[in-house]
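Work through these exercises with the sequence and the model side by side. Try each task before reading its solution.

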Amino acid sequence: MNKAAWNSVEAEIAETQAIHLRELFAKDPDRASRFTIEAAGWTLDYSKNRITPALMKKLLALAEASDLKRWIDAMFSGEAINETENRAVLHTALRNQSDSPILVKGKDVMPDVRAVLDKMAQFSELVRKGKWLGHTGKRIKYVVNIGIGGSDLGPAMAYQSMKPYSKRSIACHFVSNVDASHLAETLREVKAEQTLFIVASKTFTTQETMTNAESARAWLIEKLGDSKAVAKHFVAVSTNAEKVAAFGIDTTNMFGFWDWVGGRYSLPSAVGLPLMIAIGPANYKKMLKGYYKMDRHFATAPFSRNLPVVMALLGILYANGYGAESYAVLPYDQYLARLAAYLQQLDMESNGKSIDRHGNRVPYSTGPIVWGEPGTNGQHAFYQLIHQGTRMIPCDFIGFCTSHNAISDHHDKLMANFFAQTEALAFGKTAEQCRAESVPEKLVPHKTFEGNHPTNTLLADALTPDTFGALVALYEHKVFTQGIIWNIFSFDQWGVELGKVLASKVLTELSAKEQPALKHDASTNALIRRYRAAKQ
């Protein structure tokens with residue numbers, strides 16, 4: 001992080017941190033409009049943050065000093081900014097709507113991107129129209145996606161988010177955990193002769209995914225009595241044609257993607273095949289257009305009016321200036337119930353780094369903890385901590401002006417809570433107000449709300465494929481911006497590897513017929529022996 005620019009931010013924080021949001025709003029009648037920006041169907045009101053115009057100016061200078069614009073241009077142009085893996089970072093190419101070429105090592109990737117999208121669309125329509133038949137001649141009613149990480153979290157979250165646009169005669173399920181219960185419970189919900197399995201693994205070697213896929217394959221063959229059934233009930237999202245064919249999948253039903261697409265950014269790629277089957281190619285294309293609108297906004301808007309940049313800077317303000325360790329994502333829409341889980345991987349896997357781009361340990365916090373639940377459920381669970389606890393927890397409130405389900409006054413009540421919560425968090429309730437309401441003196445301390453808790457409000461007209469795509473892109477670019485300012489690599493995930501390597505060794509020890517010679521630490525050795533003893 002640029003030291004001189006950050007020192008300037010810290011100096012401004014020292015001048016402003018004692019000022020309450022009540023005072024900031026009282027002094028500036030135009031504060032709401034001053035700190036509201038719009039793009040790609042979204043309005044961001046960030047006026048309920050502990051900022052002044054001077055502090056925002058310092059934060060924007062931090063972005064400039066971090067050479068952010070050059071890094072944005074480098075990402076969009078296909079430079080290998082994922083330096084530890086020597087790869088380009090071009091998830092933005094997956095939703096590119098322009099006619100301009102995008103080059104990776106001198107090759108335009110757009111023809112391949114469009115070819116895969118066309119192949120996905122053709123296959124999706126066959127399934128949706130009942131023209132893709134299973135081994136016994138029955139149409140597909142169930143789709144089971146088998147993946148993990150980005151190959152699961154993205155499509156699973158998107159499927160739930162886009163449920164109003166889905167074909168209800170086809171039910172999608174998502175299996176990720178190597179825990180057999182996840183697969184077993186899903187298989188109880190489907191019928192073999194009407195189920196399509198999508199196995200999503202770039203290399204077709206991911207342990208969890210392939211274990212689940214092999215077990216699903218065995219289940220299908222047992223139910224249908226013919227190994228040839230695999231070709232009509234399994235397709236692959238992969239690049240390993242040899243292993244796909246060995247599994248029994250016709251490679252014409254293999255949908256490829258590229259090493260310049262990270263798993264947690266892969267939803268708009270072939271990884272989104274179950275979503276396209278659910279909502280159809282036309283709605284899927286609208287989602288890609290929403291992504292693209294936010295991409296262009298991020299690439300071209302001045303930083304002061306740039307939604308991802310502003311949200312990134314506010315996050316850095318609280319993480320590094322105020323010591324906030326987490327932030328909450330609070331969508332007031334049940335369809336977005338899996339959004340926080342998706343953002344956990346996007347943010348925490350990207351920026352959960354302690355080493356900078358030069359190989360040095362960073363002397364400041366990176367990668368906040370991300371969590372959240374839909375409103376109003378969260379209000380009856382953890383909002384108490386946010387309102388009156390001892391930790392600062394910045395919050396993103398996400399809402400929509402209209403609902404897909406206009407039942408009675410449900411949506412008005414939902415949104416009344418949405419607006420009231422940000423107001424309560426910002427302004428609180430003073431002891432004087434409590435006394436004016438005749439609150440008994442001994443209860444005044446308990447019923448006083450300090451307020452001054454920072455929130456962002458993201459508001460769109462409706463949850464549509466277009467606004468959904470833009471929302472996901474907004475958070476992608478926010479995370480990228482923070483990684484640049486923190487001077488870390490956001491597109492590798494080496495921290496995932498060590499546990500995998502050790503697990504392979506432990507697996508042989510757990511399954512060995514004779515007690516193996518264990519060479520772990522005393523705790524791990526004892527636990528392995530305990531497990532083996534219980535299995536026998």
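The exercises below go through two sheets, some backbone details and the cysteines.

This is a predicted model, in which local features need pLDDT of at least 70, side-chain atom pairs count only at pLDDT 80 or more, and totals for chains, interfaces and linings use all residues. Residues are numbered from 1 along each chain as its sequence is written, and side-chain values use heavy atoms, with hydrogens and water left out.

**Exercise 1. Trace the mixed sheet.**

Task: Give the strand order of the open sheet with mixed pairing, and find its edges.

Solution. Start with the elements: helices (H or I, at least four residues) and strands (E, at least two) are DSSP runs, numbered from the N terminus. Two strands pair if DSSP finds at least two bridges between them. The order of the 6 strands is β1-β2-β13-β12-β10-β11. The edges are β1 (36-39) and β11; each has a single partner strand, so one side of each lacks a neighbour in the sheet. Direction ignored, neighbouring strands are turned by 20° against each other on average. Axes here are lines fitted to C-alpha atoms, for helices over the stretch in contact, and angles run from 0 to 180 degrees between N-to-C directions.

Next, check the pairing at both ends. β10 (residues 326-331) runs parallel to β11, with 3 bridges. A328 has W371 in β11 as its bridge partner. Helix α16 (residues 410-427) packs on this sheet and touches β12 (395-400) and β13. Contact means heavy atoms within 4.5 Å. The direction of α16 makes about 155° with that of β12.

At the other end, β1 and β2 (residues 42-45) are antiparallel, with 4 bridges. A39 stands opposite W42. The hairpin has 2 residues between its strands, and A40 takes a positive phi near 50° there.

**Exercise 2. Trace the parallel sheet.**

Task: Order the 5 strands of the open sheet with parallel pairing, then place its helices.

Solution. The order reads β6-β5-β7-β8-β9. β6 (171-175) and β9 (254-255) are the edge strands, each pairing on one side only. Inside, β5 (residues 142-146) and β7 (residues 195-200) pair in the parallel sense over 5 bridges. N145 stands opposite I198 in β7.

Now add the helices. α7 (residues 150-161) touches β5, β6 and β7, and its direction makes about 150° with that of β6. α12 (residues 273-300) touches β5, β6, β7, β8 (234-237) and β9; its direction makes about 140° with that of β7.

**Exercise 3. Inspect the backbone.**

Task: Locate D67, N452 and T376, and describe the backbone at each.

Solution. D67 sits in the loop between α4 (53-65) and α5 (68-76). Its phi is positive, about 60°, although D67 is not a glycine. D67 is partly exposed, because its relative accessibility is 35%. The classes are buried under 20% relative accessible area, exposed over 50% and partly exposed in between (1.4 Å probe, protein chains only).

N452 lies in the loop between α18 (444-447) and β13 (455-460). Phi is positive here too, near 65°. N452 counts as buried, because its relative accessibility is 6%.

T376 belongs to the loop between β11 (369-371) and α15 (383-388). A cis peptide bond joins G375 to T376, with omega about 10°.

**Exercise 4. Check the cysteines.**

Task: How many disulfides does the structure hold? Are C401 and C434 buried or partly exposed?

Solution. Apply the cut-off: a disulfide is a pair of cysteine sulfur atoms within 2.5 Å. The count is 0. C401 is partly exposed at 44% relative accessible area. C434 is buried, at 0%.
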